[in-house]
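User: I would like to learn how to read helix packing and residue burial in a protein model. Could you take me through the features one at a time?

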Amino acid sequence: MSYEASLSKLPYPLKDLVANAQADTGRTDTDKLEVVSWIDKVAEGNIIISENLSDLESLLVPRTYVVRNYLTAADVALYGALHPKLSQLQPAQYYATPAITRYFDHIQTLPSVQAAAQEFSPAFSTVPFDFISAPKTERKQEPLKKKEKTPKTVDQPKAREKIAVAASSKESAGEPPKEKEKKEKKKDATIEDGGKKNKGGAGNGGKAPAEDAGEPVPSMIDLRVGHIIDVSITSELLMCYLQQIDLGEETGPRTVVSGLVNYIPIEEMRDKYLVAICNLKPASMRGVKSFAMVLAATSKEGKEGGVELIQPPPGSKPGERVYFEGPEYENAQPVSQMNPKKKIFETVQPGFTTLDTKEAAWINPVTKNVHKIRTKDGVCFSPHLCWGNVVIETMDVDARFDDEGSEIFSCSDSSCCTMQAS
């Protein structure tokens, strides 16, 4: 069924709200089909009845939007369908469905949705939520399951064959025929390979070395230019921003959580260009999955003296490579994903700083050489802070966990990942 046909099933004024919002109808054929499917579900009305809200709650826990990671007409339709129900709820009731409440509030505060909703006021007026009094969501960590070793089944005929061979070897002083034959074959194979035992190098079993082998170096970090296209505060992450950051990827913007609420006003976060770390292992933070971190500079007096996002040179575009100056780093490729156990970032972070020119740089702790952080068009910088620390901003929660429940960073506030200046 086409998008127009599905849209026509929606009742007034929901149908006009979706049309006026001019949201994306899907960037790929698969996304378009999924958008149509969601609108059909909304038109049927079953998805928002009380009996099905628990299913919707579970579905929205890890999501920012219902289709992929960008706003679509399906989100506007679902928001409009939820509006009559959520606008009547008391705090204790909407606290019971935190994912739905967080999702609804995020969609209703988007500029395009707000503009479309104003035309149908009071049908889609803004619903106020008391997030300050919201109870803290308990994070339940499932115990790690131990893998049980399955006992090896013994093939009786083969076992008898081995016993027979062992017995014959005791009776004869010479080598068993089978063992001799194996050695001859191995010898012939060695000769054919030109005397090389391992094509991949001696002692490594033919396997190439790991991309993060050796001492951690800054070029292992995948830094890119990012553009904040949406930012909000959620009920689950009251002290953090939930951002949609365009990193120039075909899959669309990434969801990123950063602990900057107490330091940078939300107005200064909107439409901002920044530097993002893109090869961290994705982690869930109180039900919201984050797929990157952002670089920020702090005053040399500490965070109370000021915090600013590290910015790329003017004219930078989302997805552009950010790298460290120096022949040993400029052409090096970052690892595909940093292994938390290798502590790559924690090892190099003490050298991150802003210079007296306010330019961002990494100072090698051994050689004291300065390697500026730059793109092809210029050096990244802090607008006002010099000789400050450069930090990666995460969140104001107790810990950051990956999908398996393994702790990646422990902290009590967003300064947990501070990189001290040299």
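**Reading helix packing and burial**

Analyst: Let us begin with one pair of helices: α4 and α7 cross in a left-handed sense. Please note that the model is a predicted one.

User: At what angle do helix α4 and helix α7 pack, and how far apart are their axes?

Analyst: In general, the packing of two helices is described by the angle between their axes and the distance between those axes. Here, helix α4 (residues 53-60) and helix α7 (residues 98-108) pack at an angle of about 70 degrees, and their axes are 8 Å apart. Angles of 65 to 115 degrees count as roughly perpendicular. The helices α4 and α7 are therefore roughly perpendicular to each other.

User: Which residues of α4 and α7 meet?

Analyst: From α4 come Leu-53, Leu-56, Glu-57 and Leu-60; from α7 come Pro-98, Ala-99, Ile-100, Arg-102 and Tyr-103. Sorted by class, this contact of α4 with α7 holds seven nonpolar and two charged residues, with no polar ones.

User: How do α5 and α7 pack, in angle and in distance between axes?

Analyst: The same two quantities are read again. The angle between α5 and α7 is about 115 degrees, with 10 Å between the axes. The crossing of α5 and α7 is left-handed. On the α5 side, the contact is made by Asp-75, Leu-78, Tyr-79, Leu-82, His-83 and Leu-86; on the α7 side, by Ile-100, Thr-101, Tyr-103, Phe-104, Ile-107 and Gln-108. By class, the contact of α5 with α7 has eight nonpolar, three polar and one charged residues.

User: How many of the residues of α7 are buried?

Analyst: A residue is called buried when its relative accessible area is under 20%. In α7, 10 of the 11 residues are buried, so this helix is largely enclosed by the rest of the structure. The buried residues of α7 are Ala-99, Ile-100, Thr-101, Arg-102, Tyr-103, Phe-104, Asp-105, His-106, Ile-107 and Gln-108. Their cover includes the helices α4, α5, α6 (91-95) and α8, together with the strands β1 (223-233) and β6 (288-290).

User: Turning to loops, is Thr-72 buried or exposed?

Analyst: Thr-72 has a relative accessible area of 0% and is therefore buried. Its place is in the loop between α4 and α5 (73-86). Setting aside residues up to four places away in sequence, Thr-72 touches Ala-23, Asp-24, Val-35 and Val-67.

User: Where do Thr-28 and Thr-126 lie, and how is the accessibility of Thr-28 and of Thr-126 classed?

Analyst: Thr-28 is found in the loop between α2 (14-21) and α3 (29-44). Its relative accessibility is 39%, so Thr-28 counts as partly exposed. Thr-126 is in the loop between α8 (111-118) and α9 (156-171). With a relative accessible area of 54%, Thr-126 is exposed.

User: How far apart in space are the C-alpha atoms of Thr-28 and Thr-251, and those of Thr-126 and His-83?

Analyst: Separation along the chain and separation in space are read together. Thr-28 and Thr-251 are 223 residues apart along the chain, with 9.8 Å between their C-alpha atoms. For Thr-126 and His-83, the sequence separation is 43 residues and the C-alpha distance is 9.0 Å.

User: What share of the contacts in the chain with a separation of 6 or more comes from residues 24 or more positions apart?

Analyst: That share is 69%. The chain has 12 helices and 17 strands, and buried residues make up 44% of its 422 residues. About 23,100 Å² of the chain is exposed, with carbon and sulfur atoms supplying 52% of that area.

Notes
Residues are numbered from 1 along each chain as its sequence is written. This is a predicted model: local features need pLDDT of at least 70, side-chain atom pairs count only at pLDDT 80 or more; totals for chains, interfaces and linings use all residues. Side-chain values use heavy atoms; hydrogens and water are left out. Axes are lines fitted to C-alpha atoms, for helices over the stretch in contact, and angles run from 0 to 180 degrees between N-to-C directions. Helices (H or I, at least four residues) and strands (E, at least two) are DSSP runs, numbered from the N terminus. Angles under 35 degrees count as roughly parallel, over 145 as roughly antiparallel, 65 to 115 as roughly perpendicular and the rest as oblique. A crossing is left-handed if the near helix is turned anticlockwise from the far one by less than a right angle, and right-handed if clockwise. Contact means heavy atoms within 4.5 Å. Ala, Val, Leu, Ile, Met, Phe, Trp, Tyr, Cys and Pro count as nonpolar, Asp, Glu, Lys and Arg as charged, and the others, Gly among them, as polar. Buried means under 20% relative accessible area, exposed over 50%, partly exposed in between (1.4 Å probe, protein chains only). Accessible areas come from the Shrake-Rupley method with a 1.4 Å probe; for residues, only the protein chains shown count as cover.
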